[in-house]
Amino acid sequence: MADTSTDITTVACVGAGVIGGGWAAHFLARGYRVRAWDPAPDAEAKLRRIVDGAWPALTELGLADGASRDNLTVLPTLAEAVDGAGFVQESAPEDLDLKRTLLADIDAVTPSDVVIASSTSGFPMTDMATTAANPARLVVGHPFNPPYLIPLVEVVGGEKSERWAVEQASAFYRHVGKSVITMDRELPGFIANRLQEALWREALHMVAEGEATVEQIDTAITDGPGLRWPVHGPCLTFHLAGGEGGMAHMLDHFGPSLEAPWTRLTAPDLTKQLRDDMVAGCESEADGRSIAELVAERDRAVIAVQRAVAESRGRADG
């Protein structure tokens, strides 16, 4: 099926809470018309407050030509909301039965060539699409809060999703300015939430055992590894930890520490295959940049992040 991502002018947002409202704000800022529906009696007022609250940040980021909050329409029925929409973003509460029913309802009133994406935080589409008559065009489009500010979207289909739907969703999200990970297969919680959840669970363990305070845990990230992550994720960060030998040296030298009690998570066996995959992955991501070049890139970024955070705090204090 042909890619129609650039032809879309209207997006339907089903669910108008924090996530749905953030999506609506993002689409509006990118110049789209947004048609929204939520069964809550005060949904429209809440949605417009969310959009109004996001608009200053979106204005600072830069609005697309024609972007306006006046392009938001809240409709009384689901069928009216999806009428004329070229893409549907569902953002209902994280309840599996609700998701199943709602996605089936959206499917029933939306043309079969329109992709329907769910903002679910962790449910696989295979589990959510069980009652939909046409699950081929149902995909996960998992954002991070707030969707109007955080660029990441994870896209993955279910067992009955067709490739064209996954590809069109990914293309559309990129077209509206998102950083897209198109996953190769379903995984509960997807990628980023599983990483985030691992950190969160260890933090809860440390507080529960009296090993660290909440403030210490937050400072450990904001003033430690968190400063490196905006430019290099955890894998390239450890690639640099290996010095000139990169990831290969890091794993060969520090691999035994995986057996140390540094976390409640059980470490996988550091097999030769895992080692080689990590080394190859870092080499691919480095894309020809030397360790020295990556170090310089990291250092410039960390300085920029520190200065930006200090400036932001100074303005807030002032």
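Helices here are DSSP runs of H or I with at least four residues, numbered from the N terminus. The model is predicted.

**View 1. Glu-202 in helix α7.** Helix α7 spans residues 192-208 and holds Glu-202. Glu-202 counts as buried because its relative accessibility is 12%, and the cut-off for buried is under 20%. The Glu-202 side chain makes a polar contact with the side chain of Arg-264, at 2.7 Å. Setting aside neighbours within four places in sequence, Glu-202 is in contact with three consecutively numbered residues: Trp-262, Thr-263 and Arg-264. Arg-264 thus appears both in the contact list and as the polar partner of Glu-202.

**View 2. Arg-185 in the loop before helix α7.** Arg-185 sits in the loop between β8 (179-182) and α7. Arg-185 counts as exposed, with 67% relative accessibility. Gly-157 is 28 residues from Arg-185 in sequence. In space, the C-alpha atoms of Arg-185 and Gly-157 are 7.6 Å apart.

**View 3. The annotated span, residues 10-183.** An unreviewed UniProt entry annotates residues 10-183 as "domain: 3-hydroxyacyl-CoA dehydrogenase NAD binding". In the model, this span is 39% helix and 21% strand. The C-alpha atoms at the two ends of the span lie 26 Å apart.

**View 4. A nonpolar surface patch.** Leu-61, Leu-149 and Ile-150 make a nonpolar surface patch of about 270 Å². Leu-149 is found in the loop between β6 (138-143) and β7 (152-157). Leu-149 has a relative accessible area of 44%, so this residue is partly exposed. Leu-61 belongs to the patch too, and residue 61 closes helix α2, which covers residues 43-61.

**View 5. Glu-44 and Arg-48, a salt bridge within helix α2.** Glu-44 forms a salt bridge with Arg-48. Their closest N and O atoms are 3.0 Å apart. Why is the separation of Glu-44 and Arg-48 about one helical turn? The two residues are four residues apart in helix α2, so about one turn separates them. Glu-44 is partly exposed, at 36% relative accessibility. Arg-48 is also partly exposed, at 29%.

**View 6. Arg-137 and Asp-107, a buried salt bridge.** The side chains of Arg-137 and Asp-107 meet in a salt bridge, 2.9 Å from N to O. This pair links distant parts of the chain, 30 residues apart. Arg-137 lies in the loop between α5 (125-128) and β6. Asp-107 lies in helix α4, residues 96-109. Are Arg-137 and Asp-107 buried or exposed? Both are buried.

**View 7. Glu-297 and Arg-289, a partly exposed salt bridge.** A salt bridge joins the side chains of Glu-297 and Arg-289, with an N to O distance of 2.9 Å. Glu-297 counts as partly exposed, at 21% relative accessibility. The cut-off matters here: buried means under 20%, so Glu-297 at 21% falls in the partly exposed class. Arg-289 counts as partly exposed as well, at 29%.

**View 8. A salt-bridge network.** Which residues are linked in a network of salt bridges? Asp-252, Lys-272, Arg-275 and Asp-276 are. The structure holds 16 salt bridges. Among them are the pair Glu-44 and Arg-48, the pair Arg-137 and Asp-107, and the pair Glu-297 and Arg-289.

Key:
Residues numbered from 1 in each chain as written. Predicted model: local features only at pLDDT ≥ 70, side-chain atom pairs only at ≥ 80, totals over all residues. Heavy atoms only, no water. Patch = residues over 30% accessible without salt bridge, like charges linked within 9 Å, V, L, I, M, F, W, Y side chains within 5 Å. Areas by Shrake-Rupley, 256 points an atom, 1.4 Å probe, with all protein chains shown as cover. Salt bridge = Lys/Arg side-chain N within 4 Å of Asp/Glu carboxyl O. Buried < 20%, exposed > 50% of the residue type's maximum accessible area, 1.4 Å probe, protein only. UniProt positions renumbered as here; feature names shortened; annotations may be inferred. Polar contact = N/O pair within 3.5 Å; in protein donor to acceptor, adjacent residues only side chain to side chain. Contact = heavy atoms within 4.5 Å.
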